[in-house]
Amino acid sequence: MSESTAQHRKAAPQSVRCAVVTVSDTRTLADDRGGQLLVEMLAAAGHQVVRREIVPDDPTRIRTLVTELANAEVADAVLVTGGTGISARDQTYETVSQMLTKTLPGYGEIFRMLSYEDIGPAAMLSRAIGGVIGHVILLTMPGSPAAVRLAMEKLICPELGHLVYEARK
C-alpha cells in the first residue's frame, strides 16, 4: 500500500452511516437474505445502518428512494442490492447510473473479476456499479447472499471509510 493511501485510510472515519436498499419485486424484510447479510456485515465492521428499505424494480421508486437517502444529512453511503442483472425487470443499473455525479468504474470491474473466480463467465451478467452522488458513496451489487458477501468482504468493508473520506473532500 502506498504511503498516501495509508495516510488517507488512517484519516478516514472508522464508522460510517449506511443506508441499505434491496431492489426486488418479491422480497420482504422476512426473506431478504441479501439485505440482511449487508446489515449484519456492516454492523460487524463497526458501521451504522441508519435505514433499511425494500423497493420494487421500478425506476421512479428507486430514483425517489435513492435521492432521499443519498443526502449527506441522512447517510454517508447507500448500498443497493438487487436489480443488477439483465432481465427485463432489472432496472437498478439504468436508474442509478444516471444519478451518479462521479463513477467508480473499478468497483464494478473488480467485482466482476472476483465473481469470475467464483462463478466463471456468468460473472458478466452482473452490472454492479459504484460512484458518488454529491458527497455520498453509492455501491450496487447483485441480490444473492454469495454476491453480497463477496462485495462486502473483498471490496466494501476494507475500503468504505476511505471512500467516504474521499467523497467528503
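Biologist: Where does P13 lie, between which two elements?

Modeller: Happy to start there, with the reminder that this is a predicted model. P13 falls after α1, which covers 3–11, and before β1, which covers 17–23. Its place is therefore the loop between α1 and β1.

Biologist: Which residues does P13 touch, leaving aside those up to four places away in sequence?

Modeller: Helix α6 spans residues 145–168, a good stretch to keep in mind here. Not counting residues up to four places away in sequence, the residues that P13 touches are G161, V164, Y165 and R168.

Biologist: And what separates the C-alpha atoms of P13 and M152?

Modeller: Along the chain, P13 and M152 are 139 residues apart. In space, their C-alpha atoms are separated by 17 Å.

Biologist: How do the axes of α1 and α6 run, roughly parallel or roughly perpendicular?

Modeller: Two packed helices are described by the angle between their axes and the distance between the axes. Here the axes of α1 and α6 come within 8 Å and cross at roughly 85°. An angle from 65 to 115 degrees counts as roughly perpendicular, so α1 relative to α6 is roughly perpendicular.

Biologist: Which residues make that contact, and how many of them are charged?

Modeller: From α1 come T5, H8, R9 and A11, while α6 supplies P158, E159, H162, Y165 and E166. Y165 is also one of the residues touched by P13. By class, the contact has three nonpolar and three polar residues, and the number of charged residues is three.

Biologist: Why is there no disulfide between C18 and C157?

Modeller: A disulfide needs two cysteine sulfur atoms within 2.5 Å. C157 holds the cysteine sulfur closest to that of C18, and a search of the whole structure finds zero disulfides. The pair is too far for a bond because the sulfur of C18 and that of C157 are separated by 8.7 Å.

Biologist: Is C18 buried or exposed, and what about C157?

Modeller: Buried means under 20% relative accessible area. C18 has a relative accessible area of 0%, so C18 is buried. C157 has 24%, which makes C157 partly exposed.

Biologist: Last one: which side chains make polar contacts with the side chain of D32?

Modeller: D32 sits in the loop between β1 and α2 (33–44), and is buried, with a relative accessible area of 4%. Not counting residues up to four places away in sequence, D32 touches T22, R27, R52 and I54. Its side chain makes polar contacts with those of T22, at 2.6 Å, and R52, at 3.0 Å.

Definitions and conventions:
Residues numbered from 1 in each chain as written. Predicted model: local features only at pLDDT ≥ 70, side-chain atom pairs only at ≥ 80, totals over all residues. Heavy atoms only, no water. Helix = DSSP H or I, 4+ residues; strand = E, 2+ residues; numbered from the N terminus. Contact = heavy atoms within 4.5 Å. Buried < 20%, exposed > 50% of the residue type's maximum accessible area, 1.4 Å probe, protein only. Axes fitted to C-alpha atoms, helices over the stretch in contact; angles between N-to-C directions. Parallel < 35°, antiparallel > 145°, perpendicular 65-115°, else oblique. Nonpolar A, V, L, I, M, F, W, Y, C, P; charged D, E, K, R; others polar. Polar contact = N/O pair within 3.5 Å; in protein donor to acceptor, adjacent residues only side chain to side chain.
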